[in-house]
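Hello,

Here is the structure I promised to pass on to you. Please have a look at it first, and then read my notes below.

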Amino acid sequence: MSENETVNAVRGGNGDVYGYVRADGRVLRNGRGEEIVLRGVGFGSWLLPEGYMWRFPQGGDRPRRIERMIRELVGEEKAARFWGLYYDRYVAEADIAWIAAEGFNSVRVPLLARTLLEEREPVRFKPDMIARIDQVVRWCERYGLYVILDLHGAPGGQTGTNIDDSERDLPELFLDAANRMRTVALWRLLAARYRDEWIVAGYDLLNEPLPEWFAAHNDSVMPFYEEVIAAIRELDDRHMIILEGVHWATDWSIFDALPDSNVLLQFHKYWNAPDTASIQVYLDHRERLNAPLFMGEGGENNKDWYAGAFRLFEDHGISWNFWTWKKMDTDNSPCSIRRPEGWELLVRYLEGGDKPTPAEAERILWAYLDNLPLDRCDYEPAVVSSLFVRAPVRIPAAFYGYKGEGASYGFGARSLSEGDRAADGNRSELPALGAGARAEGFRTADGTDIRFVVPGRTTPNFQHGGGEEWQADEWMYVALQPGDWLAYGCEAAGARAAADGGGSPERSAIRLRVLSEGGGKLYVSDGRGAPATAVEWQEGGWHTVTAEVARSGIAGAAGRIVIEAADRPVGVAWLALLI
């Protein structure tokens, strides 16, 4: 086994994890020169505990407030013991192995400078904390996962909010020269330590700097990036530099030119439409700056949104990282930590209520620690299936592919001509199907007919931060005229089974939710040359139908499901890949 190979790669796992990752124009390449897309998860709340992942109120919304609560409840000595166990259990070798086995090829590790560095000068790592990062790097090398080092909480804080453990709700990184110098020194230390570690994909210099209410300091960000890059390049000329825009990484107006030849540009995406229009500004920057893109943080939504958003990134060749791997009492992250009995006593205390006794607090906190390991969590495989669009998974019909007309959708012979469609992108003179209004502002440039299932709503709602299911009036469907077709990218049926040494099924089972004004008929195929299956129903209204689709047998992760309206208009709300 060569020095650039991993145990997992040799076993047939993530073979694209090989050698230093580098930016090459608009794409990433691994050490063999192969084009690679990073697909990963973030370790939110591990080295930088976030209160919402603990189901805490504002009084426990950031690390320093959680730490203070625990000290007040159990004392300094037991608090120190608590945190040692917490860090060792929240992310362990079992997590790394499972992430790799699920098909991810990278992890993003958020760092908090306050707990990583000694308080005194000169700037030095705390031995126990840097040892934990070293251990994760070794595990990732073993199992085949690239590591992204993410400075989530810089000295003084780069956002002035809870997410960077701000002490005074100010972005003091940009207000105090000492914090700036300390941050540059931190990156110099990290570069010196990991410069020879090819499994480290790159250095994410600052997470989400400067929300818009601190935009007066935006002009400080690029000079700061340039100073950090210069310090890194004195020691390390191989690792990729990862840069985020301001205002939660969404505002890229600071990027006039690339400050280095090996740069990955990162944006974040939450709670908005999963369509090309929503990321067009980043696609434009990719073309203008000739640099690859990374959706470095996105999630905290429901599984239907995941199926659309992460396919959006795939279809546009954008690397991605899901936020987050593990949190308490959830069904929209892969791992759900079980809420200990009595947890509400801690919540009430943070809200100003009675203080639990030391014995009560210790019992509750140590029960939480017992629930942190992977084998004590409730695993949610449907989350991962949605990210990869892997059976079993449900795909809202409005989240058809994002590669444009002719690749992801098409119009039939009875539809308007190209010229007519350009003049009237909504094809408004065609007969309407169903009573719901058109969805305003979502994929309108495609010219497809997307409507709401229930009359009354006109604007889509994609804000489901707790993973809540769509309400009945939030569901949309695509109205298809005869010959219209939609294609859905997915992981090819059996791809994971084949990777694990199992067989690959010859047929895929697909369920569809359909609408017609009488009987209806759809053709369903895998889009790879296998014969299409005709699916028919005899009555009007909404129905759920099932098709078995022959597979062409082409192996690999890139699969496709194509649906086409036959001889009359039909509507499709969702399709579910069963096997």
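Leaving aside its neighbours within four places in sequence, which residues is Glu172 in contact with? They are Gly156, Gly157 and Asn179, where contact means heavy atoms within 4.5 Å.

Before the rest, a word on the basis: this is a predicted model, in which local features need pLDDT of at least 70 and side-chain atom pairs count only at pLDDT 80 or more, while totals for chains, interfaces and linings use all residues. Residues are numbered from 1 along each chain as its sequence is written, and side-chain values use heavy atoms, with hydrogens and water left out.

**The loop between β6 and α6**

Glu172 sits in the loop between β6 (146-153) and α6 (177-194); helices (H or I, at least four residues) and strands (E, at least two) are DSSP runs, numbered from the N terminus. With a relative accessible area of 13%, Glu172 is buried. I use buried for under 20% relative accessible area, exposed for over 50%, and partly exposed for values in between (1.4 Å probe, protein chains only). Asp165 lies in the loop between β6 and α6 too, and is buried at 3%. Its backbone deserves a look: Asp165 has a positive phi of about 65 degrees although it is not a glycine.

**Other backbone features**

Most residues other than glycine have a negative phi, and most peptide bonds are trans. Val389 also has a positive phi, of about 50 degrees, and is not a glycine. You will find Val389 in the loop between α13 and β15, buried at 1% relative accessibility. Pro392 belongs to the loop between α13 (381-388) and β15 (393-396), and the peptide bond that leads to Pro392 from Ala391 is cis, with omega near 0 degrees. Another cis peptide bond runs from Glu121 to Pro122, with omega near -5 degrees. Pro122 is placed in the loop between α4 (113-116) and α5 (127-143).

**Helix α11 and what follows**

In α11 (residues 343-350), the buried residues include Trp343, Leu346, Val347, Tyr349 and Leu350. These lie on the same side of α11, because they cover an arc of only 160 degrees around the axis; the arc is that of the directions from the helix axis to the C-beta atoms. The buried residues of α11 pack against α2 (63-90), β12 (326-328) and α12 (358-370).

Glu351 is in the loop between α11 and α12, and is exposed, with a relative accessible area of 55%. Glu351 and Gly59 are 292 residues apart in sequence, yet their C-alpha atoms are 6.4 Å apart in space. Gly352, just after α11, takes a positive phi of about 100 degrees.

**Ile66 in α2**

Ile66 is part of helix α2 and is buried at 0% relative accessibility. Apart from neighbours within four places in sequence, Ile66 is in contact with Pro49, Glu50, Gly51, Trp54, Phe56, Gly60 and Trp83. Trp54 is 12 residues away from Ile66 along the chain, and their C-alpha atoms are separated by 9.5 Å.

**Cysteines**

How many disulfides are there? The count comes to zero, with a disulfide taken as a pair of cysteine sulfur atoms within 2.5 Å. Cys140 has no such bond because its sulfur is 14 Å from the closest cysteine sulfur, in Cys335, too far for a bond. Cys377 is in no disulfide either: the nearest cysteine sulfur, that of Cys335, is 5.3 Å away. Cys140 is buried at 0% relative accessibility, and Cys377 is buried at 9%.

**The second largest pocket**

The second largest pocket has a volume of about 590 Å³. On a 1 Å grid over the protein atoms alone, a pocket is an open set of points where a 1.4 Å probe fits, with protein on both sides within 12 Å along at least five of seven lines, and lining residues have an atom within 4 Å of a point. Grid points are joined across faces, edges and corners, and the volume is the space filled by probe spheres set on the points.

Of the 27 residues that line this pocket, the closest to its centre are Glu208, Trp248, Tyr270, Trp271 and Glu297. The lining divides into nine nonpolar, 11 polar and seven charged residues. Here Ala, Val, Leu, Ile, Met, Phe, Trp, Tyr, Cys and Pro count as nonpolar, Asp, Glu, Lys and Arg as charged, and the others, Gly among them, as polar. Both β9 (263-269) and α9 (276-289) supply at least two residues of the lining.

Happy to talk it over whenever suits you.

Best wishes
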